[in-house]
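Thanks for coming. I have one structure to walk through today, and I will go through it region by region.

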Amino acid sequence: MSDRLCIASKGKKKVHISAEDLVSCCTGCGNGCNGGYPDSAWNYWVESGLVSGGNYNSNEGCRPYSIAACEHHVNGSRPACGGEEGDTPACTRQCEASYNKDYDSDRVFGE
């Protein structure tokens, strides 16, 4: 979504869309962190908008990702994810306290 937005705006809009906002707030997109439906996710972005957010521990954007990276079904340098079912973060609809915008004014809509 971030890439599509940048391309469609010819580089004028460079926003890292919050993956956490999508998986936690789009109830019709699937099963949160346990998989989903790309078409529904895209429609949610167009209709409801998504806020900005960076990677885990980045403190970037309105809602950065709150779950540390882990290895799921593979061996690697990161710790194992621990179990099949992960808990999806709650949909808070507010930016982290250190961010300089409120949730509604930070939302970006797909086209």
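A disulfide, for this talk, is a pair of cysteine sulfur atoms within 2.5 Å. Please keep in mind that this is a predicted model. With that cut-off, a search of the whole structure turns up 3 disulfides.

Start with Cys25 and Cys91, whose sulfur atoms lie 2.0 Å apart and form a disulfide. Cys25 sits in helix H2, residues 19–25, while Cys91 is in the loop between H3 and H4, so this pair ties together parts that are 66 residues apart in sequence. The torsion about the S-S bond is about 95°, so the Cys25 and Cys91 disulfide is right-handed. Are the two ends buried or exposed, or something in between? Cys25 has 5% relative accessibility and counts as buried. Cys91, at 31%, counts as partly exposed.

Next along the chain, Cys26 is joined to Cys29, with an S to S distance of 1.8 Å. The link of Cys26 and Cys29 is right-handed, with 75° about the S-S bond. Cys26 is buried at 8% relative accessibility, and Cys29 is buried at 9%.

The remaining bridge to describe is Cys62 to Cys95, at 2.0 Å from S to S. Which hand does the link of Cys62 and Cys95 have? It is left-handed, with -95° about the S-S bond. Cys62 lies in the loop between H3 and H4, and Cys95 lies in the loop between H3 and H4 as well, so the pair ties together parts that are 33 residues apart in sequence. Cys62 is buried, at 1% relative accessibility. Cys95 is buried too, with a relative accessible area of 13%.

One more cysteine to mention is Cys6, which counts as partly exposed at 25% relative accessibility.

Now the loop that holds Ser52. Ser52 is found between helix H3, residues 38–48, and helix H4, residues 103–106. Its relative accessible area is 7%, and buried means under 20%, so Ser52 is buried. What does the side chain of Ser52 make a polar contact with? The partner is the side chain of Tyr99, at 3.3 Å. Leaving aside neighbours within four places in sequence, Ser52 is in contact with several residues, including Val15, His16, Ile17 and Ser18. Gly61, Cys62 and Arg63 are also among the contacts of Ser52, as are Tyr99 and Asp106. Cys62 in that list is the cysteine we just met in the disulfide with Cys95.

On to helix H3 itself. Which residues of H3 are buried? Ala41, Tyr44 and Trp45 are buried in H3. Seen down the helix axis, the buried residues of H3 fall within an arc of 100°, so they line one face of the helix. As general background, an α-helix has 3.6 residues a turn, so residues three or four places apart point the same way. The buried residues of H3 pack against helix H1, residues 2–8, and against H2. On the face of H3 turned away from the buried side we find the exposed residues Asp39 and Glu47.

H3 also holds the aromatic pair. A search of the whole structure finds 1 such pair. Trp42 and Trp45 form it, edge-to-face, with 5.0 Å centre to centre and 85° between the planes. Trp42 and Trp45 both lie in H3, 3 residues apart, about one turn of the helix. Their exposure can be read residue by residue. Trp42 is partly exposed, with a relative accessible area of 33%. Trp45, at 2% relative accessibility, counts as buried.

Last, the end of H3. Ser48 is found in helix H3, and with a relative accessible area of 25% Ser48 is partly exposed. Which residues does Ser48 touch, not counting those up to four places away in sequence? Ser48 touches Arg107 and Phe109. The C-alpha atoms of Ser48 and Cys25 are separated by 9.8 Å, with their positions 23 residues apart along the chain. Just after H3, Gly49 takes a positive phi of about 80°.

To recap the bridges: Cys25 pairs with Cys91, Cys26 with Cys29, and Cys62 with Cys95. That is where I will stop.

Definitions and conventions
Residues are numbered from 1 along each chain as its sequence is written. This is a predicted model: local features need pLDDT of at least 70, side-chain atom pairs count only at pLDDT 80 or more; totals for chains, interfaces and linings use all residues. Side-chain values use heavy atoms; hydrogens and water are left out. Helices (H or I, at least four residues) and strands (E, at least two) are DSSP runs, numbered from the N terminus. Buried means under 20% relative accessible area, exposed over 50%, partly exposed in between (1.4 Å probe, protein chains only). A polar contact is a pair of N or O atoms within 3.5 Å; within protein, one must be able to donate a hydrogen and the other to accept it, and residues adjacent in sequence count only if both atoms are side-chain atoms. Contact means heavy atoms within 4.5 Å. The arc is that of the directions from the helix axis to the C-beta atoms. Rings of Phe, Tyr and Trp (its six-membered ring) pair if their centres lie within 6.5 Å; planes under 30 degrees apart count as stacked, over 60 as edge-to-face and the rest as tilted.
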